[in-house]
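Open your viewer, switch to the cartoon style, and keep the selection tool handy. We will go from stop to stop, and at each one you select something and look around.

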Amino acid sequence: MITVGCAGFAVPATRYFKEYAFVEIQETHRAAPGPGTVRRWRREAPKDFKFAVLGPREVTQEGFRPGKVVETALVGLVEIAAELEAKTAVFVAAPDFPQNRTNKAALKDFLKLAKESFPIVVFEPGLEWDPEDADSLADETGTLAARDPLQHGASKRPVAYYRLPGPAGHKSRYEDPAIERLAEIAHEARNEAAHYVFANVDMFADAKRFKKALKIP
């Protein structure tokens, strides 16, 4: 089963809901969205629509090291997730979060902590991390390691979470050959379930073209 969505509402939410069945809420990374906004999203979304919440930036700034700042941030995230009936939380490391023994230990402890509050926990490691090592950590902690399939190929795990940041960063768009290649990867992957989340500036249009390439309604 393949699910396609975007990292945030690139268009008004009511229009987004007509095109996709999943979204990563980005507002939770910067500051907690207002209760009225959260309730409106849930009220306007179709019954089977799925939300994921993006972890607060305080978690990234603390380098995933558990402490009062991180624990407080998680409490607020749990409250918003409950209102949205969101089962998934996504935590993205800073690009310069290096792969070393200290960071791996901190991330491992954090993921175990996050799993106490969320059924599905996704982490995207720093750019320097080996994707297979990240998958190994995900296996240890019962979580999912996000990766860019165009850069690192498909995950060998049964359930996968793919994030597409843009071929040359957030402000770039995916041209047709890249979308076609992505569709090939999706067809060839052996994942039982996979989320493909576009996070670039043209994510709404690019994700729509990807759905078309996969013949997803």
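Begin by selecting Phe64, in the loop that joins α4 (57-61) to α5 (68-84). Keep in mind that everything you see here is a predicted model. Is Phe64 buried or exposed? Its relative accessibility is 1%, so Phe64 counts as buried. Check the backbone too: phi of Phe64 is near 65°, a positive value in a residue other than glycine.

Now follow the chain along α5 to the loop between α5 and β4, and select Glu85 there. Glu85 also has a positive phi without being a glycine, near 60°. Turn on the surface for this residue: with a relative accessible area of 54%, Glu85 is exposed, because the cut-off for that word is over 50%.

**The sheet**

Next, colour the strands. Eight of them form an open sheet, and their order is β6-β5-β4-β3-β2-β1-β8-β7, with parallel pairing. Which strands stand at the edges? They are β6 (144-145) and β7; each has a single partner strand, so one side of each has no neighbour in the sheet.

Zoom in on β4 (residues 88-92) and β5 (residues 120-124), a parallel pair joined over five bridges. Select Phe91 and look across to β5, where its bridge partner is Phe123. While you are here, recall a general rule: in a regular strand, side chains alternate between the two faces of the sheet.

Move to the β7 edge and select residues 159-164. Five of these six residues are buried, so strand β7 is largely enclosed by the rest of the structure. β7 pairs with β8 in the parallel sense over six bridges. Select Leu164, and you will find Phe198 of β8 standing opposite. Add α9 to the selection: β7, α9 and β8 together make a right-handed β-α-β unit.

**A helix beside the strands**

Select α10, residues 203-214. Use the distance tool on its end C-alpha atoms, which are 16 Å apart. Why does that agree with expectation? At 1.5 Å a residue, the 12 residues of this helix should span 16 Å.

Show the side chains of the buried residues of α10: Met203, Phe204, Asp206, Ala207, Phe210, Lys211 and Leu214. As general background, an α-helix has 3.6 residues a turn, so residues three or four places apart point the same way. What do the buried residues of α10 pack against? Their neighbours are β1 (2-7), α1 (13-19), α9 (176-188) and β8 (193-198). Step just past α10 and select Lys215, which takes a positive phi of about 60°.

**A buried glutamine and a pocket**

Select Gln26, in the loop between β2 (22-25) and α2 (27-30). Its relative accessible area is 15%, so Gln26 is buried. Leaving aside residues up to four places away in sequence, Gln26 touches Ala7, Gly8, Leu54 and Arg163.

Keep Arg163 selected for the last stop, the largest pocket, which holds about 720 Å³ of space. Arg163 is among the lining residues closest to the pocket's centre, along with Val92, Glu124, Leu127 and Pro165; 30 residues line this pocket. Colour α7 (131-141) and α8 (149-152), the elements that give two or more residues to the lining. Which element gives the largest share? That is α8, with three residues.

Methods: Residues numbered from 1 in each chain as written. Predicted model: local features only at pLDDT ≥ 70, side-chain atom pairs only at ≥ 80, totals over all residues. Heavy atoms only, no water. Helix = DSSP H or I, 4+ residues; strand = E, 2+ residues; numbered from the N terminus. Expected span 1.5 Å × (residues − 1). Buried < 20%, exposed > 50% of the residue type's maximum accessible area, 1.4 Å probe, protein only. Contact = heavy atoms within 4.5 Å. Pairing = 2+ DSSP bridges. Right-handed = clockwise from strand over helix to strand, strands pointing away. 1 Å grid on protein atoms, 1.4 Å probe; cavity = no way out; pocket = protein on both sides within 12 Å on 5 of 7 lines; lining within 4 Å. Points joined across faces, edges and corners; volume = space filled by probe spheres on them.
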